[in-house]
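Got the viewer open? Here's a short tour that tells you what to select at each stop and what you'll find there.

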Amino acid sequence: MQKTPYDILGGEEGLRKLCAAFYHIMDTSDQTVEIRAMYGESLAEIEAKLCDYLTTWLGGPNIWTEKNGGMCLTDSHAPYKIGPKVRDQWLFCMEKALEEVKASEEVRNLLKEPFWGIANMVKNSTED
């Protein structure tokens, strides 16, 4: 049986580590000021949501759809101005998080284009 990206990243524990690393990077990097400003003081709620979304999207249990229905992200991101700079900051956080959790080069390459597609899909502004 072929492993899913969810399995390759370590299942639930691996995804939790990835999401924690993602938001730690967002919270501490000088390169992510604009995207970090979009969130409140605590990142815990959004971290849990990202973990649920990625669990389902990467081939794990259907946690996201059970809690939220569909997988469309454009509606939930509509209230935020997301231009190329914020999109690229999200991608920076994910790239660094994948490195931090020591994801294999194979899985990083496998996810690079789909992650760009998701980040670009929620972009709703051409301005930074």
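**Stop one: the largest pocket**

Start by colouring helix 4 (44-57), helix 5 (63-68), helix 6 (74-77), helix 7 and helix 8 (105-121), since each of them gives the largest pocket at least two of its lining residues. Keep in mind that you're looking at a predicted model. Helix 4 hands over the largest share of that lining, with six residues. The space inside comes to about 720 Å³. To centre your view, select Tyr39, Ile46, Leu73, Ser76 and His77, the closest to the pocket's centre of the 29 residues that line it. Colour the lining by class and you'll get 20 nonpolar, six polar and three charged residues.

**Stop two: the second largest pocket**

Next, go to the second largest pocket, with a volume of about 290 Å³. Its lining has 13 residues, and the ones to pick for the centre are Leu91, Glu95, Leu98, Arg108 and Lys112, which lie closest to it. Helix 7 and helix 8 are the elements that give two or more residues here. The largest share, seven residues, comes from helix 8. By class, this lining holds seven nonpolar, one polar and five charged residues.

**Stop three: arginine 87**

Now select arginine 87, in helix 7 (residues 84-100). Is arginine 87 buried or exposed? It's buried, because its relative accessibility is 12% and the cut-off for buried is under 20%. Show side chains and look for the 2.7 Å polar contact between arginine 87 and asparagine 120. Beyond its neighbours within four places in sequence, arginine 87 also contacts residues including Ile82, Trp116, Ala119 and Lys123.

Note on methods
Residues numbered from 1 in each chain as written. Predicted model: local features only at pLDDT ≥ 70, side-chain atom pairs only at ≥ 80, totals over all residues. Heavy atoms only, no water. Helix = DSSP H or I, 4+ residues; strand = E, 2+ residues; numbered from the N terminus. Buried < 20%, exposed > 50% of the residue type's maximum accessible area, 1.4 Å probe, protein only. Polar contact = N/O pair within 3.5 Å; in protein donor to acceptor, adjacent residues only side chain to side chain. Contact = heavy atoms within 4.5 Å. 1 Å grid on protein atoms, 1.4 Å probe; cavity = no way out; pocket = protein on both sides within 12 Å on 5 of 7 lines; lining within 4 Å. Points joined across faces, edges and corners; volume = space filled by probe spheres on them. Nonpolar A, V, L, I, M, F, W, Y, C, P; charged D, E, K, R; others polar.
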